[in-house]
Amino acid sequence: MSADNSRERIPGVPRFKRDKTLPLGTEPFFPNFLLKEWIMGAVVLAGFIIWVIYNPVDLTPRANPDDSNFIPVPDWYFLFLYQLLKYFPGSVEVVGTVAVPLVSFLALLLVPWLDIKKNRRPGKRLATLSMVVAVVFMIWLTREAQVAYHMELAANPQALAELTAGASKDTGGSGGSSGKAAAGALVNTNDPGAKIFGQTCAGCHGADLKGAVGPKLLGIGKKFDEAKLEAIIKKGFPPNMPAGGTLTDPNQIKQVAHWLSQQKQ
Amino acid sequence: MLKRIYDWIDERLGVTPIWRDIADHEVPAHVNPATKMSAFIYCFGGLTFLIIVTQILSGMFLAMYYVPDIHNAYSSVKYITDQVLLGKIARGMHFWGASLVLIMMFLHMLRVFFTGAYKAPRELNWVVGVLIFAVMLFFGFTGYLLPWDQKAYWATSVGAQIADSVPFIGGSIKALLIGGNALGAMTLTRFFAIHVFFLPAALLILLALHFVMIRKQGIAGPM
C-alpha cells in the first residue's frame, strides 16, 4: 500500500507508468478493471430497476395489536431460522432459538481456524462438503417454511382476506376482512361442489374464483374438463398446492371438480 | 489546463499518494474476465457494495418523508408509495435492494468460501465480512418494522419472543430491543434509530476495514 517511489509517474495525473514486464492478463485497477466492474454493475442495476418497476411493493393493513388473526411470517431470508424453531417446541425451545444459531454463527466466524490446511482447492477440502450440506439444508428449510405458511393461510380464510385486502384501502386494520363483491361470472353457486369449494379451496383461490395466493379459476371449465380437473386437484399443483388441496375425501374432490368444470364464462 | 489545475491542487493537498493507494495497483490475471470467463465470480463483492450504495441513497430519500411514530409511520409510507414523485421507485428499490444485497453478499461469501480465500493471511478479513453479514441481517430485521403494517408488527413480535427465550439475559435483550415490555411507540423509534444511525455507522466502519485489508493483502492468488 505504500507509495512506490522507484516507479515513474505519468505527468499531470496521479498514476504510475505501467511496468511492461507484468504477466499477461494483469491489468491496472483503474481504469481497466474498474470499467469491467462498472459494466457488470450497470447491467445489474438496469435489471434491478426493471424488476422494481414491475414488482411494486404493497403495504398490508396498518399494525393492529388486537388482531390475532394475522399469521406472522418473517422476510424470506429469515424463513429458514423461523422454520428451524418449529422443530424445537416447549422446553427445548432454547436449542432452536439460541444454541443452533449461535453455534452456526460462531462456526462461520471461525472458519479460517477450523479449516487450517494450506490447500485451497474446493474439491480437496472437507469445508466444501459441509458448506454444501448447510446451504442445501437452508434452502430446504426455507421451502418447508413457505409451504407451511401457505397451508396455514389456506386454513384461515380471514387472515388471507386481510392480507389480500392490502393497502388499497386503509382499513385501520380492523375492517380488513370485508370480502370482495362476488363477480357475475360464477355459475351454479347452489351446486354442492361450490359449498365445499367455499369452505376449503376459497382460502387460496378466492371465494369468487378471482385468485389470491393461488391462481384465479374463473372460466377454468373452458380450459380443462371434469376428469382433468379432478386429476389436477388430486395431484396438487407444485410448488404451493399440496395433493388434494385441503381435501382428502375423493368424493368431495369429484364434486368440486364437477362444479369447476361448469365455470365456462 | 487540466493538468495545471491538478498539479496546483496536488502541490497543496498531496492527492497523488492517496490516489495511488486507492486506485493505482495491478489486478492479477486470474480475476480478469477477459482472460477467463469464469473470473466474473470475483465481481460479487463489488456488486454487493454497489447495491449497498443504492440502499444508502434510496434510504436517504425515503427519510425525507418518513415519520417514525406510530400515528404517522404507516401513512407516511403510504404517502411515499402513492403520492411522492418516484416515491414508489425509491421505496421499491429500498425494499427489493434489501433482498438483493443479501443475495449478492451470500454469493460473494460462497465464492470466498469455495476458493478458500479466507486462509492465512486473510482470516481477519473473513471475520470482518461475517460481521458485515450479521449487520446486514440486523438491518433487515429493523427495517422490516418501519412501515408499521400488520406484517411488520407481527414479524417483529415473533422476533421479540425469540429474544425473550434466551436463557438468563433474554428479558433484558428484549427490553433493550423493543424499549419496554410491549411492542409499541418506543419500539418504532428505537428500531428507526438503530436502522438509520447505529447500523450504518457500524457498517461503514466494517466496510472501511474490509477494503483497507483487501488493499493491504491483495486478492488471494490463483488456486
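**Exercise 1. Work out what covers the buried residues of helix 7 of chain A, and how that helix is oriented.**

Solution. Among the elements that cover the buried residues of helix 7 of chain A are helix 8 (202–205) and helix 11 (250–261) of chain A, where helices are DSSP runs of H or I with at least four residues, strands are runs of E with at least two, and both are numbered from the N terminus. This is a predicted model, in which local features need pLDDT of at least 70 and side-chain atom pairs count only at pLDDT 80 or more, while totals for chains, interfaces and linings use all residues. Residues are numbered from 1 along each chain as its sequence is written, chains are lettered from A and ligands numbered from 1 in the order in which they are written, and side-chain values use heavy atoms, with hydrogens and water left out.

Next, identify the buried positions: in helix 7 of chain A these are A:Gly193, A:Ala194, A:Ile196 and A:Phe197, buried meaning under 20% relative accessible area, exposed over 50%, and partly exposed in between (1.4 Å probe, protein chains only). They lie on the same side of helix 7 of chain A, because they cover an arc of only 165 degrees around its axis, the arc being that of the directions from the helix axis to the C-beta atoms. The face turned away from this buried side carries the exposed residues A:Lys195 and A:Gln199.

Finally, inspect the N-terminal end of helix 7 of chain A, which A:Asp191 caps through a side-chain oxygen 2.7 Å from the backbone nitrogen of A:Gly193.

**Exercise 2. Locate A:Leu186 and list its contacts beyond four places in sequence.**

Solution. A:Leu186 sits in the loop between helix 6 (157–165) and helix 7 (192–199) of chain A. With neighbours within four places set aside, A:Leu186 is in contact with A:Ala207, A:Asp208, A:Leu209, A:Leu218, A:Trp259 and A:Gln263, contact meaning heavy atoms within 4.5 Å. The C-alpha atoms of A:Leu186 and A:Gln265 are separated by 7.6 Å, although these residues are 79 apart along the chain.

**Exercise 3. Compare the "transmembrane region" annotation of chain B with the model.**

Solution. The unreviewed UniProt entry places this feature at residues 39–67, 95–114, 126–146 and 192–214 of chain B; such annotations, whose positions are given in the numbering used here and whose names are shortened, may be inferred rather than shown by experiment. In the model, residues 39–67 of chain B are 66% helix and 0% strand, with end C-alpha atoms 44 Å apart. Residues 192–214 of chain B are 100% helix and 0% strand, and their end C-alpha atoms lie 32 Å apart.

Conventions: Polar contact = N/O pair within 3.5 Å; in protein donor to acceptor, adjacent residues only side chain to side chain.
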